[in-house]
Amino acid sequence: MPFIYADSTDGVISASGSTYTAARHATTGSVSASSSSNLYAVRAASISGRGGGLTYRFARSFFAFNVSSVTNCSAVSLNLGGYSSAGAGGGIVVMRSDAFGHDSTDDLDSDNYDAIVNWNGTDAMTGADAYSSAPAINPASWSTSSYNTIPLGSTAENVINNNDYIVMCVVDYTYDYLKADPVDPGFGSGALANNVGLHFMEQAGNKRPYLDITVPVSGFGHNVNGVLAANIGKVNTVASASIGKINTVD
């Protein structure tokens with residue numbers, strides 16, 4: 001089960017506005033791609049100002065993984081290091097993205113804010129390509145001190161097996177994916193509303209994002225002289241996983 005870490009181009013794109021539409025439906029945003037951690041890595045919030053007006057703030061996190069060495073993925077999970085408080089977040093969904101110029105050859109760009117495959121930039125994302133279930137993790141289950149493991153489905157497995165890169169975008173479930181107007185928590189309590197914090201590749205240690213990829217074990221699967229194949233490590237010094245046939249027999 002190989003671990004593949006994200007490219008260092010990973011980061012966050014955020015947008016804000018005085019209306020829900022202005023923030024969520026923006027075509028460009030502000031890029032943060034050099035921080036080791038970000039409290040507002042996935043966000044969908046409405047924040048009250050001192051004058052009573054609202055500011056809507058959205059953020060989406062983007063990751064690219066070089067999977068050119070894998071052609072037989074049978075299962076995969078995304079592992080994200082949680083950071084600080086998840087606040088009153090609406091959960092997350094992992095979407096298929098075509099940011100980074102479809103791979104990691106380009107840096108994260110401001111116009112990648114809406115780079116989600118088969119999403120028109122305004123409707124709910126329910127018709128777009130998702131890698132995870134929706135929601136993948138509920139706010140109450142989000143760990144801020146360890147990795148959060150998110151199983152990805154057959155769409156991700158197919159991309160990994162047939163492409164050199166897999167690119168994904170992590171979005172808020174309730175207010176971004178489902179297109180629901182976030183409830184204003186009131187002045188003084190809105191700064192942490194509906195957000196998830198993450199660690200990125202610039203973070204030292206064991207908090208960096210990675211894929212855990214399962215590949216089937218190759219080799220023969222029959223008993224030899226009454227010994228189960230699973231209990232045979234080598235045949236004539238050759239590792240069993242490297243043996244396809246014995247005396248021309250599969």
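In the next few minutes I will go through the fold, the cores, one helix, the main pocket and some backbone details of this structure.

Let me say at the outset that this is a predicted model, and that every value I quote is computed from it. The protein has 250 residues, of which 46% count as buried, and its secondary structure comes to 3 helices and 13 strands. If we take the contacts with a separation of 6 or more, residues 24 or more positions apart account for 79% of them.

I will turn to the interior. The largest nonpolar core has 33 residues, and Phe65, Leu78, Leu152, Ile166, Met168 and Leu211 are those with the most contacts inside it. Apart from it lies another core, this one of 27 residues, with Tyr56, Trp119, Met125 and Tyr175 among them. As general background, nonpolar side chains in soluble globular proteins tend to be buried together. To take one residue of the larger core, Leu211 touches, beyond its sequence neighbours up to four places away, a set of residues that includes Pro2, Phe3 and Ile4 as well as Phe65, Leu78, Leu152, Ile160, Ile166 and Met168.

Two further buried positions deserve a look. Leu80, which sits in strand 6, is buried, with a relative accessible area of 0%. With residues up to four places away in sequence left out, Leu80 touches Phe63, Trp142, Ser146, Tyr147, Asn148, Ile150, Val170, Leu198 and Pro209; with one of these, Ile150, the C-alpha to C-alpha distance is 8.1 Å, although the two are 70 residues apart in sequence. Asn195, in strand 10, is likewise a buried residue, at a relative accessible area of 0%, and its C-alpha lies 9.9 Å from that of Val171, with their positions 24 residues apart in sequence.

Now to helix 2, residues 154–162, in which Ala156, Glu157, Val159 and Ile160 are buried. How do these buried residues fall when the helix is seen down its axis? They fall within an arc of 165 degrees, so they line one face of helix 2. Behind this is the geometry of the α-helix, which has 3.6 residues a turn, so that residues three or four places apart point the same way. The buried residues of helix 2 pack against strands 6, 7, 8, 9 and 11, whereas the face turned away from them carries the exposed residues Ser154 and Asn162.

The largest pocket has a volume of about 170 Å³. Its lining is made up of 13 residues, and those nearest its centre are Arg96, Ser97, His102, Asn163 and Tyr165. By class, the lining divides into 6 nonpolar, 3 polar and 4 charged residues, and strand 9, residues 165–172, gives the most to it, with 3 residues.

I will finish with the backbone. A cis peptide bond, with omega at about -5 degrees, joins Ala134 and Pro135, and Pro135 is found in the loop between strand 7 and strand 8. In that loop between strand 7 and strand 8 we also find Asn118, whose phi is near 65 degrees, a positive value in a residue other than glycine; Asn118 is exposed, with a relative accessible area of 57%. Lys179, in the loop between helix 3 and strand 10, has a positive phi of about 60 degrees, again without being a glycine, and Lys179 is partly exposed, at 35% relative accessible area.

Definitions and conventions: Residues are numbered from 1 along each chain as its sequence is written. This is a predicted model: local features need pLDDT of at least 70, side-chain atom pairs count only at pLDDT 80 or more; totals for chains, interfaces and linings use all residues. Side-chain values use heavy atoms; hydrogens and water are left out. On a 1 Å grid over the protein atoms alone, a cavity is a set of points where a 1.4 Å probe fits but cannot get out, and a pocket is an open set with protein on both sides within 12 Å along at least five of seven lines; lining residues have an atom within 4 Å of a point. Grid points are joined across faces, edges and corners, and a volume is the space filled by probe spheres set on the points. Helices (H or I, at least four residues) and strands (E, at least two) are DSSP runs, numbered from the N terminus. Ala, Val, Leu, Ile, Met, Phe, Trp, Tyr, Cys and Pro count as nonpolar, Asp, Glu, Lys and Arg as charged, and the others, Gly among them, as polar. Buried means under 20% relative accessible area, exposed over 50%, partly exposed in between (1.4 Å probe, protein chains only). The arc is that of the directions from the helix axis to the C-beta atoms. Contact means heavy atoms within 4.5 Å. A nonpolar core is a set of buried Ala, Val, Leu, Ile, Met, Phe, Trp, Tyr and Cys residues joined through side-chain atoms within 4.5 Å.
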